[in-house]
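Biologist: I am new to this structure and should be grateful for a close look at a single part of it, together with whatever surrounds that part. Please explain each term as it arises.

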Amino acid sequence: MKKNTLLSIAIVICKFIRVLYVLTFLIFTGFFVHLQINPSYYNKIDLSNKLDFKNNSFVTSYKVSNGIHINTRRTYKYEGEQKDSEVFTLDQLKKTSLYVSFIKYSVVLFLGFLCFGEFQKVMESVKEVKTFQENNVLSFRRIGKYLLIICVLTSFYYHVFQRGGINGINITPNLLILSLLAYIMAEIFKEGNNLEEENKLTV
Amino acid sequence: MAIIVNLDVMMAKRKMSLSELAEKVGITLANLSILKNNKAKAIRFSTLEAICEALDCQPADILEYGKD
């Protein structure tokens, strides 16, 4: 496969993913608005993952199936004898918690959208054979920064319900590794940029 | 910069214009300007040889070392 074909495919994929991000945000916003108009529609959606917690419980789980995944969660109920399906449903979520979650995931989606935008810019510059330029260094740094913020934002959750709550830490080192890789790429492109400038000034 | 390029001095001595020298040496006017204005970071032996041949001089006539 020719270099340009591969890059063109990568650019198209980036554009497609960005459109998906926009669609996801629109669906997410629609869902958020609908939840406020008709909360009873969501009374079957149980956020406790059907683990049937008692009054106060603390669970730590580790998954290595799709990369390392560390999840620690604490669940509590004000009235311990109630079923999870009555306490931790989406319609029972407090307004503040709902708004905070909406803003948090909107920011995550927006940053993901920006990440792919920056990656698309890099691909386009490589296609135009302007690979080693200052803008690409900045783009990779921005990607690294966005991924780091996404990692921090998705690493915790705090849902307050009318009669209980779920909070926990959810660490996925994959994002941290990707962020580190983006910063390493920025350094490589910086070095490439210096070499190209030196080459340009060699008579 | 520690290395000073005295290309303009030699060109004046030989009464040669920049475009004329560029043509004789076989490099672009832009690259020769970079060299003349002390902006170059490196010079190839082949370019230096061609300049010396065109200006009928020694490398030391073009390049000079000066402390910053």
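Modeller: What follows is an account of α3(A) and of the two pockets whose linings it helps to form.

This is a predicted model, in which local features need pLDDT of at least 70 and side-chain atom pairs count only at pLDDT 80 or more, while totals for chains, interfaces and linings use all residues. Residues are numbered from 1 along each chain as its sequence is written, chains are lettered from A and ligands numbered from 1 in the order in which they are written, and side-chain values use heavy atoms, with hydrogens and water left out.

The helix α3 spans residues 95-127 of chain A; helices (H or I, at least four residues) and strands (E, at least two) are DSSP runs numbered from the N terminus. From first C-alpha to last, the 33 residues of α3(A) reach 48 Å, close to the 48 Å expected at 1.5 Å a residue; that expected span is 1.5 Å times one less than the number of residues.

An unreviewed UniProt entry annotates residues 7-33, 98-117, 143-160 and 166-186 of chain A as "transmembrane region". Such positions are given in the numbering used here, with feature names shortened, and the annotations may be inferred rather than shown by experiment. In the model, residues 98-117 of chain A are 100% helix and 0% strand, with end C-alpha atoms 28 Å apart. Residues 166-186 of chain A are 67% helix and 29% strand, and their ends are 39 Å apart by C-alpha.

The largest pocket has a volume of about 460 Å³. Of its 20 lining residues, those closest to the centre are Leu47(A), Leu90(A), Ser101(A), Tyr105(A) and His159(A). On a 1 Å grid over the protein atoms alone, a pocket is an open set of points where a 1.4 Å probe fits, with protein on both sides within 12 Å along at least five of seven lines, and lining residues have an atom within 4 Å of a point. Grid points are joined across faces, edges and corners, and the volume is the space filled by probe spheres set on them.

The largest share of this lining, five residues, belongs to α3(A); α1 (3-37), β2 (69-77) and β3 (156-161) of chain A also supply at least two residues each. The lining divides into 12 nonpolar, six polar and two charged residues, where Ala, Val, Leu, Ile, Met, Phe, Trp, Tyr, Cys and Pro count as nonpolar, Asp, Glu, Lys and Arg as charged, and the others, Gly among them, as polar.

The second largest pocket has a volume of about 360 Å³. Closest to its centre, among 16 lining residues, are Cys115(A), Phe116(A), Ile143(A), Leu147(A) and Leu178(A). Here too the largest share, six residues, comes from α3(A), and α4 (134-154) and α5 (173-200) of chain A each give at least two. This lining consists of 15 nonpolar residues, one polar and no charged.

Finally, just after α3(A), Val129(A) takes a positive phi of about 55°, although Val129(A) is not a glycine. Most residues other than glycine have a negative phi. Val129(A) lies in the loop between α3 and α4 of chain A and counts as exposed, at 66% relative accessibility; buried means under 20% relative accessible area, exposed over 50%, and partly exposed in between (1.4 Å probe, protein chains only).
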